[in-house]
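User: I'd like a close look at one part of this model, the space enclosed inside it. Please walk me through it and then through the parts around it.

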Amino acid sequence: METAFSPPLGLSITAAVLVVLFAAILPTCLYLYVEPRGRRQWATAGDNPAKRRAPVLVRFTAWLSFVVGQLAIPWLLVPAVCTVLVILQTKLGVARPLGLGVTVAVGVAALLQSLLSLRLIPLGVRLLSRDEKTAKRASGGARWNGMVSAVVLGGCLLLSWAIVTIPGFVHPWLRIALVWTALRPVMVYAALCLVHALLLGRCAHALAATTRSEVR
């Protein structure tokens, strides 16, 4: 039944590529505005002005911070969808404690993702501007975001396996609606946030090492 409602593979790939390209427009514009203005912060004594730029890792992580951070507000649609699914289960008389619990859990995970993403845009600006507290903030953000993203991704993978594998785990219509409108988007977003957290951790180490070398 779920296969019948699944879009064709080619259509899914095309839609995903278009979404990625569209989602990259605003972050790229913000990056192109902020990055040139932060180059002076990366200057060292006797350097070439043309080389006053943050390392490639820092620049890419800052851009990815803008990509992930821009989804903070629209991502609130996912908890809203989960709320609608809870109401529908109640109205249609198919509410089960397990189904309600799974729906609420996915909605809470999406809400947590949105709250964490709100901090990433200013963090991306700080990475490019390189203030003295950037390394510490990046390290703390990487540790916390990575832990939360790993827990959310692992929990959603477990729920996805249970929903698809265990007969009667949730109502059939809820399985289709929840998987395609909330569960899989939350998993993709958690994976993206986990990659960002790993890169942010490496940036924190690089920034700390650069600061120490300049102090010497």
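Which helix gives the largest share of the lining of the largest cavity?

Analyst: That's H7, which supplies four residues of the lining. Bear in mind that this is a predicted model, so everything below is computed from predicted coordinates.

Let's start with the setting. The protein chain has eight helices and zero strands, so read from the N terminus the elements simply go α-α-α-α-α-α-α-α. The chain has 216 residues, and 38% of them count as buried.

Now the cavity itself. The structure holds three cavities of 30 Å³ or more, and the largest has about 90 Å³ of space in it. Its lining is made up of Gln113, Leu116, Ser117, Leu120, Asn145, Val148, Ser149, Val152, Ala190 and Cys193. H7 (134–165) doesn't do the job alone: H5 (97–117) and H8 (172–215) also each supply at least two residues of that lining. Sorted by class, you get six nonpolar residues, four polar ones and no charged residues.

Take H5 next. Its buried residues are Gly99, Val102, Thr103, Val106, Gly107, Ala109, Ala110, Gln113, Ser114, Leu116 and Ser117. Among them, Gln113, Leu116 and Ser117 also turn up in the cavity lining. The helix length checks out too: H5 has 21 residues, which at 1.5 Å a residue should span 30 Å, and its end C-alpha atoms are indeed 30 Å apart.

Another lining residue, Leu120, belongs to H6 (residues 120–129), where it is buried together with Leu123, Gly124, Leu127 and Leu128. Looking down the axis of H6, those buried residues fall within an arc of 140°, so they line one face of the helix. The general reason for such a pattern is that an α-helix has 3.6 residues a turn, so residues three or four places apart point the same way.

Right after H6 comes Arg130, with a positive phi near 55°. Arg130 sits in the loop between H6 and H7. You might want to know whether this arginine is buried or exposed: at 11% relative accessibility, Arg130 counts as buried, since the cut-off for buried is under 20%. Along the chain, Arg130 and Arg40 are 90 residues apart, yet their C-alpha atoms are separated by 9.5 Å.

Gln41 lies in the loop between H2 and H3 (56–69). At 45% relative accessibility, Gln41 counts as partly exposed. Gln41 also pairs up with Arg52 in space: the two are 11 residues apart in sequence and 8.0 Å apart, C-alpha to C-alpha.

H2 itself (residues 25–34) has Pro27, Tyr31 and Val34 as its buried residues. Seen down the axis of H2, they fall within an arc of 75°, so they line one face of the helix. On the other side of H2, Leu26, Leu32 and Tyr33 are exposed.

Finally, the cysteines, which a biochemist will probably ask about. Cys193, one of the cavity-lining residues, is buried, with a relative accessible area of 9%. Cys29, by contrast, counts as partly exposed at 47% relative accessibility. The structure holds zero disulfides.

Conventions. Residues are numbered from 1 along each chain as its sequence is written. This is a predicted model: local features need pLDDT of at least 70, side-chain atom pairs count only at pLDDT 80 or more; totals for chains, interfaces and linings use all residues. Side-chain values use heavy atoms; hydrogens and water are left out. Buried means under 20% relative accessible area, exposed over 50%, partly exposed in between (1.4 Å probe, protein chains only). The arc is that of the directions from the helix axis to the C-beta atoms. On a 1 Å grid over the protein atoms alone, a cavity is a set of points where a 1.4 Å probe fits but cannot get out, and a pocket is an open set with protein on both sides within 12 Å along at least five of seven lines; lining residues have an atom within 4 Å of a point. Grid points are joined across faces, edges and corners, and a volume is the space filled by probe spheres set on the points. Ala, Val, Leu, Ile, Met, Phe, Trp, Tyr, Cys and Pro count as nonpolar, Asp, Glu, Lys and Arg as charged, and the others, Gly among them, as polar. A disulfide is a pair of cysteine sulfur atoms within 2.5 Å. The expected span of a helix is 1.5 Å times one less than its number of residues.
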